[in-house]
Amino acid sequence: RDMNPAVYEALSEAGRLALGPDARGPFDRLASGYVPGEGAVVFLLKRLADARRDGDSIRAILRGVEAVHDQEAPAGLAESLRRCLDHVGLPPALAMTDAAGLPDEDAAMVQAVQDSYASNRRDGPLYLGSVVGQIGHAGGASGGVSLLSALTALEEGTSPPTFGLVEPSAALARNLVVVRALTRGEPLDFQVSKNQRTGLVISLDKGIAYGTLIESHGGRPGCGHEAISSGIAFTHKPIHIT
């Protein structure tokens, strides 16, 4: 990350930095910016067939990735998420994002999630979260951090809290029936009938909207993973360096 003070002066003047000890986090009614963070995430990926052949410990399966370049952020993001969900046909239980506490951008993200999720509904709400309130916005690494958070949440069956979220924003309050952002960790409400532990990871970077769908492997009977003959596996333990 560029440590030139002029960069942060410009961000501050543009109202994009959270200032003061009482700054609110992503999706909050009084959110006013973000805290820059540093981080790196390393994932070990392997073809699913090879991972099974080699007896590797499989943490999750990459089910789909879509990217849309669109200057109209809400439309591009919604299209990316819709393509990802339609392609795989699995409704997610959790959506982890790199929402940064910027009111207009957060509202656009909530609307895009709402629009894409409406045609790929599951029983119960979609849990929406952001790790930016915990570690700051890690720039280009923020998507990887969100992916790691989603993978861990699906494994443990608990949604991570969104730090700094005290009062839901107007955009979130309008969608509470379908989309929920949590101030504390709660058990994820998976579809028992299909036993799906599926998560959506959402990231915006330089005008490109990314949607990534992962499914926790789990090794539980009846998960249906035996029918998946190809794909990419996350193996062993991802390394999170901050």
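Where in the chain is the place of H137?

1. H137 is placed in the loop between α5 (132-135) and α6. The model under discussion is a predicted one, and in this model H137 counts as buried because its relative accessibility is 15%, which falls under the 20% limit for that class. Although H137 and A99 are 38 residues apart in sequence, their C-alpha atoms are 8.5 Å apart in space.

2. As to the overall make-up, the chain has seven helices and 12 strands, and buried residues account for 48% of its 242 residues. When contacts in the chain between residues at least 6 apart in sequence are considered, 79% of them join residues at least 24 apart.

3. The largest nonpolar core has 23 residues, among which F27, L77, L128, L200 and I202 touch the most other members. At least two residues of this core come from each of α3 (73-88), α4 (103-117), β5 (126-130), α7 (170-173), β9 (198-205) and β10 (208-216). Apart from this core lies another, of 17 residues, including M96, Y127, I214 and F234. As a general background to both, nonpolar side chains in soluble globular proteins tend to be buried together.

4. I202 deserves a separate look. Leaving out residues up to four places away in sequence, I202 touches L77, L81, A95, M96, T97, D98, M109, V113 and Y210. One of these partners, L77, is listed with I202 among the residues that touch the most other members of the largest nonpolar core, whereas another partner, M96, is a member of the separate core of 17 residues.

5. Strand β4 (residues 94-97) supplies several of those partners, and its side chains alternate: L94 and M96 point one way, A95 and T97 point the other way, and all are buried. β4 and β5 run parallel and are joined by four bridges, with T97 standing opposite S130 in β5.

6. S149 lies in helix α6 and is classed as buried because its relative accessible area is 13%, under the 20% limit. If its neighbours within four places in sequence are left aside, S149 is in contact with M96, V131 and P160; of these, M96 is the β4 residue that points the same way as L94.

7. β10 is mostly covered, since seven of its nine residues are buried. β10 pairs with strand β3 (residues 58-69) in the antiparallel sense over nine bridges, and V68 stands opposite A209 in β10.

8. Which residues lie nearest the centre of the second largest pocket? They are G140, G143, G144, S203 and Y210, out of a lining of 13 residues, and the space in this pocket comes to about 200 Å³. The elements that give two or more residues to the lining are α6 (142-156), β9 and β10, and β9 gives the most, with five residues. Sorted by class, the lining has five nonpolar, seven polar and one charged residues. Y210, which lies nearest the centre together with the others named, is also in contact with I202, and β9 and β10 likewise each supply at least two residues of the largest nonpolar core.

Conventions. Residues are numbered from 1 along each chain as its sequence is written. This is a predicted model: local features need pLDDT of at least 70, side-chain atom pairs count only at pLDDT 80 or more; totals for chains, interfaces and linings use all residues. Side-chain values use heavy atoms; hydrogens and water are left out. A nonpolar core is a set of buried Ala, Val, Leu, Ile, Met, Phe, Trp, Tyr and Cys residues joined through side-chain atoms within 4.5 Å. Buried means under 20% relative accessible area, exposed over 50%, partly exposed in between (1.4 Å probe, protein chains only). Contact means heavy atoms within 4.5 Å. On a 1 Å grid over the protein atoms alone, a cavity is a set of points where a 1.4 Å probe fits but cannot get out, and a pocket is an open set with protein on both sides within 12 Å along at least five of seven lines; lining residues have an atom within 4 Å of a point. Grid points are joined across faces, edges and corners, and a volume is the space filled by probe spheres set on the points. Ala, Val, Leu, Ile, Met, Phe, Trp, Tyr, Cys and Pro count as nonpolar, Asp, Glu, Lys and Arg as charged, and the others, Gly among them, as polar. Two strands pair if DSSP finds at least two bridges between them.
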